[in-house]
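Could you walk me through this structure in the viewer, stop by stop? I would like to know what to select next and what is there.

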Amino acid sequence: MVKRYILTPGPTPISEEVLMEHARPLMHHRSPEFSKIFIEVTDKLKKFFKTENDIFILTASGTGAMEAAVTNSFSAGDRVLVASAGNFGERFKKISSKFGLNVISLDYEWGDAVNPEDIKKSLDENPDIKGVMLQFSETSTGVLNDIKTVGSIVKKYKAILIVDAISGVRASDLRADEWNLDIVLGGSQKALSAPTGVAFISVSPKAWKLIEKSNMPRFYFDLLSAREASLRKPPQTPWTPGISIIVAMNKALDMLFEEGLENVFKRHSVLTMATQKAIEKLGLELLVKDESKRGYSVTAARVPEGIDGKELTGIMRTKYGVTIAGGQGKLKGKIFRMAHLGYFGIFDAIIAVSALEMALKDLGYKFEIGAGITEVERVFMENNYLNT
Ligand SMILES: *Cc1c(COP(=O)(O)O)cnc(C)c1O
């Protein structure tokens with residue numbers, strides 16, 4: 001038997017407590033029993049996003065929420081700005097183009113962060129831009145964009161700001177209202193460490209004005225239908241939601257607030273630091289060179305010269321039972337990604353680094369075995385991790 005570990009930035013590992021909730025007997029989505037949970041989850045998600053805006057639960061993976069943001073906010077031919085620093089930035093471009101928007105893109109090297117000044121310049125040059133889209137954490141590279149500064153810029157224009165925080169929220173502090181974020185996206189299987197299949201989206205009054213005017217065809221993801229259903233007594237979703245996933249999310253949110261957001265951020269930052277120091281100790285290069293631009297959801301590192309990244313992650317998975325992520329898009333085979341997002345603790349970092357070391361040895365890479373794990377232990381102990 002090989003014991004299996006999923007240590008990826010999505011889906012993220014799920015705790016036994018959350019799995020038990022997911023396994024509860026099915027409730028009917030129009031029952032008072034489910035209504036109570038639905039209302040609670042919606043309120044907790046607002047607290048999670050630090051917002052008083054409306055928030056809607058969509059039954060879809062995160063990409064469904066990205067599509068909903070695009071099809072609800074704009075009309076065909078509208079000009080939008082996408083700042084893309086990786087695979088998920090590219091996805092915003094693809095969705096926008098498919099729906100006939102006029103996309104201006106700011107493209108960054110994969111591993112660099114979006115420069116907020118470029119967004120300002122673009123908005124000044126193109127006053128007809130209706131929306132700005134970008135990621136908080138770009139999961140394909142591990143970069144964290146400075147959304148606070150972007151928010152302070154975009155609020156002065158007529159454009160709305162759409163932030164994909166699917167992998168960023170929880171690992172790092174996100175303040176939707178204080179930072180003037182009009183639409184924020186999240187997903188059950190990322191930051192909440194809950195089962196896959198539910199996304200959530202917050203909507204500001206500025207965004208509602210556009211949504212009410214948009215003539216883009218949409219049905220399942222129509223936020224006006226979602227709002228109408230949310231105003232029923234008790235609040236509902238227009239269609240059958242992912243009932244068991246929402247029940248599981250309720251527990252995941254409780255665990256998050258029990259730990260306390262500040263402790264959650266600290267845990268993610270120590271896990272990230274320990275993993276990154278270990279990787280560097282093995283002589284490998286981190287993808288995001290500028291330390292101040294690294295997020296706390298996932299760490300990407302380059303595979304050593306002469307080794308195929310797919311083979312490396314393949315050995316880790318099949319021989320050692322440890323699934324980490326490889327590169328996406330143009331980084332396929334060139335990097336590996338180790339996650340810290342959600343239900344991750346000290347020994348997950350040790351498992352990931354240990355499997356990495358053994359697979360690197362198998363592939364003939366020269367280094368001192370155990371050096372990485374020792375580094376993880378050192379960083380944890382120096383940061384008094386177990387007492388947080
Ligand atoms: C995972 C992810 C998504 C959505 O992907 P799904 O597979 O549809 O859940 C979108 N944006 C980011 C930044 C992500 O990490």
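**Stop one: the largest pocket**

Welcome to a predicted model. Start at the largest pocket, which has a volume of about 380 Å³. To find the centre of this pocket, select F38, I55, F56, S230 and Q236, the closest to it among the 25 lining residues. Next, colour α2 (32-49), β2 (54-58) and α8 (223-230): each of these elements supplies at least two residues of the pocket's lining. If you colour by residue class instead, the lining shows 14 nonpolar, six polar and five charged residues.

**Stop two: the ligand**

Now select the ligand and the residues around it. Which residues come nearest to the ligand? They are S61, T63, T139, D164 and K190, out of 14 residues around it. By class, this shell is made of three nonpolar, eight polar and three charged residues.

Two helices are worth highlighting here: α3 (62-73) and α4 (87-98) each give at least two residues to the shell. The largest share comes from α3, with three residues.

Zoom in on the oxygen atoms of the ligand. A polar atom in the side chain of T139 sits 2.4 Å from a ligand oxygen. At G62, a backbone N or O atom is 3.0 Å from an oxygen of the ligand. Then show the side chain of R91, where an N or O atom lies 3.5 Å from a ligand oxygen. Taken on its own, the ligand has 380 Å² of accessible area, and the protein covers 88% of that.

**Stop three: a cavity inside**

Move on to the cavities. How many cavities of 30 Å³ or more are there? The count comes to five, and the largest has a volume of about 70 Å³. To see the walls of this largest cavity, select L7, L271, T275, M338, A339, H340, F344, D348, A349 and A352.

Three elements each supply at least two residues of that lining: α10 (261-281), β14 (335-339) and α12 (346-362). Of these, α12 gives the most, with three residues. The lining has seven nonpolar, two polar and one charged residues by class.

**Stop four: a three-stranded sheet**

You have already met β14 in the cavity lining; now follow that strand into its sheet. The sheet is open, has three strands in the order β11-β14-β13, and is paired in the antiparallel sense. At its edges are β11 (298-302) and β13 (325-326), each of which pairs on one side only. Look at β13 and β14 together, and you will find two antiparallel bridges between them. For one bridge, select A325 and its partner in β14, R337.

**Stop five: backbone details in the loops**

Finish with three places in the backbone. Most residues other than glycine have a negative phi, and most peptide bonds are trans. Select G10 and P11 first: a cis peptide bond joins them, with omega about -5 degrees. You will find P11 in the loop between β1 (5-6) and α1 (16-22).

Go next to K233 and P234, which are also joined by a cis peptide bond, with omega about -5 degrees. Here P234 belongs to the loop between α8 and α9 (243-259), and α8 is one of the elements that lined the pocket at the start of the tour.

Last, select R170. Is its phi positive or negative? The phi of R170 is positive, near 95 degrees, in a residue other than glycine. Look for R170 in the loop between β8 (160-164) and β9 (183-187).

Technical notes. Residues are numbered from 1 along each chain as its sequence is written. This is a predicted model: local features need pLDDT of at least 70, side-chain atom pairs count only at pLDDT 80 or more; totals for chains, interfaces and linings use all residues. Side-chain values use heavy atoms; hydrogens and water are left out. A residue is near a molecule or strand if one of its heavy atoms lies within 4 Å of it. A polar contact is a pair of N or O atoms within 3.5 Å; within protein, one must be able to donate a hydrogen and the other to accept it, and residues adjacent in sequence count only if both atoms are side-chain atoms. Accessible areas come from the Shrake-Rupley method with a 1.4 Å probe; for residues, only the protein chains shown count as cover. Helices (H or I, at least four residues) and strands (E, at least two) are DSSP runs, numbered from the N terminus. Ala, Val, Leu, Ile, Met, Phe, Trp, Tyr, Cys and Pro count as nonpolar, Asp, Glu, Lys and Arg as charged, and the others, Gly among them, as polar. On a 1 Å grid over the protein atoms alone, a cavity is a set of points where a 1.4 Å probe fits but cannot get out, and a pocket is an open set with protein on both sides within 12 Å along at least five of seven lines; lining residues have an atom within 4 Å of a point. Grid points are joined across faces, edges and corners, and a volume is the space filled by probe spheres set on the points. Two strands pair if DSSP finds at least two bridges between them.
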